[in-house]
Amino acid sequence: MDDTPIGRAAQQAVEAMNRAGEGLPRPAQTRIMVVANQKGGVGKTTTTVNLAASLALHGGRVLVVDLDPQGNASTALGVDHHAEVPSIYDVLVESKPLSEVVQPVPDVEGLFCAPATIDLAGAEIELVSLVARESRLQRAIEAYEQPLDYILIDCPPSLGLLTVNALVAGAEVLIPIQCEYYALEGLGQLLRNVELVKGHLNPKLHVSTIILTMYDGRTRLASQVAEEVRGHFGKEVLRTNIPRSVRISEAPSYGQTVLTYDPGSSGSLSYLEAAREIALRDPHVEQAQQAQQAQQLQAQQLQAQQHGSMAEGTQ
């Protein structure tokens, strides 16, 4: 192989593309991931749609719930979301079944989207007077009968009722952090809100994944931010960083994810690799493995005790 930066990049591209076709272990039950960070411009929507497309390309069935009134996730997935289209607003405010608003995403098999329309901008106010206002999304998802491996919820850049609905519906929080100076500002408030929702409304909720976005390896600042985030959050941070990429920025204007817009680009390959990491760290599998290890340990201890008592008996 040509041992130059271009040669190495080409080799990585080939390896990642080969792995994309392999398929990954499917989760034991649907994983509901809330993509949240009240700081705007950190790559929430970009991360949601590209991870969803990557997981679908790896063989999963994935639903994207667009909870941002701007509807950028719906645009990026090429899904119609003008004012008359049935949307997530109707699910939250009018109690319409989720199955009536979900649309298949063109070009990516196994990927679906519940779109957001501009009506959602008023939902924050309309939800205030409704019964069980925090858990309306959770009930809609529980009533959805189609089999899914992953649900990714794209939150607005605020901590209002729409984000609270997402946090009550999900079990895992995925936080994209931009590799910039202000990256960690406001993160404390998000983590406090996660703890509040966990304490009062959803005991299963936890921060499972942190992904570093807009990483520019040429700058010392990006490396320092990455180091600081890894030092603070440890194993929750994915090994794969998402690079700052023109291709990732261009893709939504064509109604596509970077995976279909430019499959061989560094951005596309990074999201494929990040999705692979997420799929391989299934919390249900980890819990089952921990339980199995605990059982094995108990069995070994019991065996040791029995041997000890038998040895005493023979004496």
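This briefing covers the sheet and two surface patches of the structure shown above. The model is predicted, so local features need pLDDT of at least 70 and side-chain atom pairs count only at pLDDT 80 or more, while totals for chains, interfaces and linings use all residues. Residues are numbered from 1 along each chain as its sequence is written, and side-chain values use heavy atoms, with hydrogens and water left out.

**Sheet**
- Seven strands (DSSP E runs of at least two residues, numbered from the N terminus) form an open sheet in the order β3-β4-β2-β5-β1-β6-β7, with mixed pairing, where two strands pair if DSSP finds at least two bridges between them.
- At the edges lie β3 (103-104) and β7 (206-213), each of which pairs on one side only.
- Strand β2 (residues 62-66) runs parallel to β4 and is joined to β4 by four bridges, and V62 stands opposite L111 in β4.

**Negative patch**
- On the surface, E84, E94, D119 and E126 gather in a patch of negative charge; Asp and Glu count as negative, placed at CG of Asp or CD of Glu.
- Patch residues have over 30% relative accessible area (Shrake-Rupley method, 1.4 Å probe) and no salt bridge (a side-chain nitrogen of Lys or Arg within 4 Å of a carboxyl oxygen of Asp or Glu), with like charges joined within 9 Å and nonpolar side chains (Val, Leu, Ile, Met, Phe, Trp, Tyr) within 5 Å.
- D119 sits in the loop between β4 (111-114) and α5 (123-128), a helix being a DSSP run of H or I with at least four residues.
- With a relative accessible area of 32%, D119 is partly exposed, a class between buried (under 20%) and exposed (over 50%).

**Nonpolar patch**
- Y181, Y182 and L221 form a nonpolar surface patch, together having about 370 Å² of accessible area.
- Y182, in the loop between β6 (172-178) and α8 (187-200), is partly exposed, with a relative accessible area of 48%.

Notes
Buried < 20%, exposed > 50% of the residue type's maximum accessible area, 1.4 Å probe, protein only.
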